[in-house]
Amino acid sequence: MGVITLARPIDKAATLRAIEKRRAEMSLAAFVKSAWHVIEPNQPYVEGFHIEFLCAHLEAITDGILNDDGTYYNRLLANVPPGTMKSLLIGVFWPAWEWGPRNMPHLRYVCASHSLELAIRDSLRMRRLVTSEWYQGHWGDHVTITGDQNAKAKFETTATGSRQACAFTGITGYRGDRVIIDDPHSVDDANSDAKRESVTTLFKEAVTSRLNNPDRSAIVVVMQRLHERDVSGVILENEMGYDHIMLPMRFDPSRQCVTKLGYADPREEDGELLFPDRFPLHVVERDEAAMGPYATAGQYQQSPEPRGGGIVKDQWWQPWDKSEYPAIEYIVAALDTAYTTKAENDPSALTVWGVFSASAEQASTRMVDRYGRPIESATSSQSEALGATAKVMMMYAWQDRLAIGDLVVKVEEICARMKVDTLLIENKAAGHSVAQELRRVFNTAKFGVQMYDPKTLDKVARLYSIQHIFSEGMVFAPNKDWAEMVIRQTSSFPRGAHDDLVDTVSMGLKHLRDVGMLTRAPERMAEIEDGRAFHGNQDVPLYNV
């Protein structure tokens, strides 16, 4: 008889480790799931479609795939809400995956955030991961951290790879194969024009020069939207070649994300949540109430403006679809001056407003009481008040960058053509110069020039002061491109790229309110009711009786 050789027993634990290792090497998403226990040992891993969505695009950079034009796929912009693993995924797991599972320990990473503290936080997380027993057990033959360069802000591999953490404002001192920018703006700095523009200028002028290989090295920006002119806005406005991932907390079908790689946001229902297992509806609603509409729009919805508009909602503008304007009683133009031809400066802007009396039919479209509440059926007093309420038509709008001479000519031409009664110019240095030129050159003009002083009211307070005029349906606009331009800019204020037209809107309408030409329906109803009330005999006798 032959000798019978018994098969060696199967080491199930070793087999499972080998399978885990192989899966992690093939898929970034699988690596994230397997490595999660190292980074967050006390938190369960929560699945979400957005994780694989982001991973697929990061893998495309790692694989060195080509775009349709033959260039390397190496520019990625991701706008996703906070708390959805964006920083961990892009700044911790992806570099660790490239070093070990993909055997690329030579890669050098520059990882920047708006604060050095946040950048170092993720540096420590990655160092903890790549030095962990689990990671070293799988890929220790690839990744060894050197002893002489192993600090919180920077550590290196023996294969000359490195991970450098820095504040975004200090990025010019470093260079890498991957430049990862995680939230370059703080919330407060994004609301400061000077600080925000300093960051966007640095991004445009310095980041591309921080690459080891201008052709193949990658730039990945991950952030929440905070302003139309934040880093994301600059990338999108200037068409800088970035693939754009935009995944809002609540799905908006009109803004569905479709990337260059052909991936689309798979959600179908309007308002469908991004990460319901971690952010269920009651949590999202609680957070939205605490954040308010603007923070919700930027941080959750990845839009600088709330859906439907901010201070002034889109639907509050009443459409005027007739070919002719109604009979106009008084016309005012409002001018915001910035006479310069330089493209980087704000333009001058002008809007023209006409006051007219609404018919009862028009007035009844938005009946409200003195507290702004809708009225289902109007009484005779209410109908009288609504029928007598004045309305205002936006008759024209314009903005451009012109030198002072051309600006004066343009403004005079518009005012003469539109038969303007009064031209308002904001009471500031540039405005005084334009007013003086208008009075000097066109001293026979039929319109008056009046300086407008907003006193202590800032731009936001000015728009809030006339918000009710919009909400009560008193403002009309024709279906014109220039009208849409004003509506869009007003809707996005105060997070929009420009606010010049918005200034003219608040200037013109507040003037009409101040001079008594725009009386709200609740005020008119109060006048009528007060006039009909019996106040007793108020006559004062000529002598004592």
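What average pLDDT does the chain have, and what percentage of the residues score at least 70? In this predicted model, the chain averages a pLDDT of 85, and 85% of the residues score at least 70. Among the elements of the chain, strand β1 (residues 75–79) has the highest mean pLDDT, at 98, whereas helix α11 (residues 360–363) has the lowest, at 42. Over residues 360–387 the pLDDT is below 50, although this stretch has 49 contacts in the model beyond near neighbours in sequence. Where pLDDT is low, the predicted coordinates should not be read in detail.

Strand pairing was examined for β3 and β4. Strand β3 (residues 145–150) and strand β4 (residues 154–157) run antiparallel and are joined by 2 bridges. In one pairing, Asn 150 has Phe 155 in β4 as its bridge partner. The connection from β3 to β4 is a hairpin through 3 residues.

The second largest pocket was then characterised by its volume and lining. Its volume is about 570 Å³. The lining of this pocket consists of 35 residues, of which Lys 86, Ser 87, Leu 88, Arg 121 and Arg 125 are the closest to the pocket centre. Two or more lining residues are contributed by each of the elements α4 (86–99), β2 (108–113), α5 (116–130) and β6 (178–182). By residue class, the lining of the second largest pocket comprises 16 nonpolar, 10 polar and 9 charged residues.

Conventions: Residues numbered from 1 in each chain as written. Predicted model: local features only at pLDDT ≥ 70, side-chain atom pairs only at ≥ 80, totals over all residues. Heavy atoms only, no water. pLDDT = per-residue confidence, 0-100. Helix = DSSP H or I, 4+ residues; strand = E, 2+ residues; numbered from the N terminus. Contact = heavy atoms within 4.5 Å. Pairing = 2+ DSSP bridges. 1 Å grid on protein atoms, 1.4 Å probe; cavity = no way out; pocket = protein on both sides within 12 Å on 5 of 7 lines; lining within 4 Å. Points joined across faces, edges and corners; volume = space filled by probe spheres on them. Nonpolar A, V, L, I, M, F, W, Y, C, P; charged D, E, K, R; others polar.
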